[in-house]
Amino acid sequence: MNGENGINRDMISYYKDRAQEYDRKAYDPHEQPERQADIKEASRILQDVFTGKSVLEIAAGPGFWTTIIAQAAKSITATDVNEAVIDLARKKQYPEGKVTFRVADMYALGDMPLHDALFGGFIFSHILKQDYDKFLDAINGYVRPGGSVVLMDNNRTLTPRPADRTDEQGNNYRLRTLEDGSKHEIVKNYPTQEELRSVLRNRSTGMDFKNMEHYWILTYRTST
Ligand SMILES: C[S@@+](CC[C@H](N)C(=O)[O-])C[C@H]1O[C@@H](n2cnc3c(N)ncnc32)[C@H](O)[C@@H]1O
């Protein structure tokens with residue numbers, strides 16, 4: 001999938017190639033010391049919202065948040081389109097019998113019972129603005145009416161680096177180089193609270209948006 005100048009523009013294969021690097025670096029206290037306060041606060045919120053619930057996790061990656069949610073949830077089904085990241089997630093420690101894994105595209109999970117709640121960490125920023133409706137309809141459809149959804153992602157930090165490219169729909173793109181030298185262009189959007197409220201207006205109740213230093217975390221209930 002390498003295009004012009006050897007740049008890979010496929011986000012799914014970016015995370016396949018980045019699986020090990022992401023697992024080592026994304027939340028590591030030595031790599032990300034400044035994010036630890038947000039990670040602690042987000043963990044508290046996730047455990048609070050998901051206590052005793054059956055949780056479906058989309059785009060679970062190597063399972064960092066899965067380990068945290070599993071401590072409080074009744075059960076968690078962790079899914080991701082990339083087998084490479086699910087393999088890493090399977091190796092982590094979880095409370096006995098609570099976690100199941102499935103390699104699956106979040107837009108087509110296949111046969112899946114409705115869950116009490118859903119979590120999507122650090123996936124919303126990779127959704128094209130023109131696909132927000134499609135994404136939210138898909139994830140809300142996996143949760144029982146009135147169930148809880150939590151989405152979390154990076155906010156625009158205090159000194160944002162400008163996007164490497166912006167398209168006519170206003171989507172931002174970043175050029176990233178992995179440890180193996182491969183170059184990837186990925187969508188990286190920073191939706192505002194107003195944008196999120198607007199796109200969720202007719203499909204949610206009780207929306208709560210919390211802006212931390214590096215992350216935002218959004219909680220809502222699906223419409224009944
Ligand atoms: C930034 S990582 C987030 C991983 C994890 N949720 C976290 O917060 O650490 C994005 C993840 O989305 C997954 N992904 C991308 N497109 C997907 C799709 N269509 N369906 C399911 N997972 C997808 C990638 O494989 C990758 O693991």
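This report describes the ligand site, the salt bridges and two individual residues of a predicted model.

## Ligand shell

The ligand is surrounded by 20 residues, and the closest of them are Tyr-22, Tyr-27, Ala-59, Asp-80 and Asn-82. Sorted by class, this shell consists of 14 nonpolar, four polar and two charged residues. Helix H1, which spans residues 11-25, supplies the largest share of the shell, with four residues.

## Polar contacts and cover of the ligand

Nitrogen atoms of the ligand take part in polar pairs with Asp-105, Met-106 and Gly-121. In the case of Asp-105, the partner is a polar side-chain atom, at 3.2 Å from a ligand nitrogen. For Met-106, the backbone provides the polar atom, and the distance to a nitrogen atom of the ligand is 2.9 Å. Gly-121 likewise contributes through its backbone, with an N or O atom 2.9 Å from a nitrogen atom of the ligand. Taken on its own, the ligand has 600 Å² of accessible area, of which the protein covers 97%.

## Salt bridge between distant parts of the chain

The model contains 14 salt bridges. One of the pairs joins Arg-24 to Glu-179, with the closest N and O atoms 3.0 Å apart. This pair links distant parts of the chain, since Arg-24 lies in helix H1 and Glu-179 lies in the loop between strand E8 (172-177) and strand E9 (183-187), 155 residues apart. Both partners are partly exposed: Arg-24 has a relative accessible area of 46%, and Glu-179 has a relative accessibility of 48%.

The pair also belongs to a network of salt bridges that links Glu-21, Arg-24, Lys-25 and Glu-179.

## Salt bridges between residues close in sequence

Within helix H2 (residues 36-50), Arg-44 and Glu-41 are three residues apart, which means that about one helical turn separates them. They form a salt bridge whose closest N and O atoms are 3.1 Å apart. Arg-44 is partly exposed at 47% relative accessibility, and Glu-41 is also partly exposed, with a relative accessible area of 23%.

A further salt bridge connects Glu-34 with Arg-35, where the closest N and O atoms are 3.8 Å apart. Glu-34 has a relative accessible area of 40% and is partly exposed. Arg-35, at 22% relative accessibility, is classed as partly exposed as well; the limit for a buried residue is under 20%.

## Thr-219 in strand E11

Thr-219 is located in strand E11, which covers residues 215-222. Because its relative accessibility is 16%, Thr-219 counts as buried. Leaving aside residues up to four places away in sequence, Thr-219 touches Val-49, Val-149, Val-150, Gly-206, Met-207 and Asp-208.

## Gly-181 in the loop between E8 and E9

Gly-181 is placed in the loop between strands E8 and E9, the loop that also holds Glu-179. With a relative accessible area of 44%, Gly-181 is partly exposed. From C-alpha to C-alpha, Gly-181 is 29 Å from Met-106, and the two residues are 75 positions apart in sequence. Met-106 is the residue whose polar backbone atom lies 2.9 Å from a nitrogen atom of the ligand.

Definitions and conventions
Residues are numbered from 1 along each chain as its sequence is written. This is a predicted model: local features need pLDDT of at least 70, side-chain atom pairs count only at pLDDT 80 or more; totals for chains, interfaces and linings use all residues. Side-chain values use heavy atoms; hydrogens and water are left out. A residue is near a molecule or strand if one of its heavy atoms lies within 4 Å of it. A polar contact is a pair of N or O atoms within 3.5 Å; within protein, one must be able to donate a hydrogen and the other to accept it, and residues adjacent in sequence count only if both atoms are side-chain atoms. Accessible areas come from the Shrake-Rupley method with a 1.4 Å probe; for residues, only the protein chains shown count as cover. Helices (H or I, at least four residues) and strands (E, at least two) are DSSP runs, numbered from the N terminus. Ala, Val, Leu, Ile, Met, Phe, Trp, Tyr, Cys and Pro count as nonpolar, Asp, Glu, Lys and Arg as charged, and the others, Gly among them, as polar. Buried means under 20% relative accessible area, exposed over 50%, partly exposed in between (1.4 Å probe, protein chains only). Contact means heavy atoms within 4.5 Å. A salt bridge is a side-chain nitrogen of Lys or Arg within 4 Å of a carboxyl oxygen of Asp or Glu.
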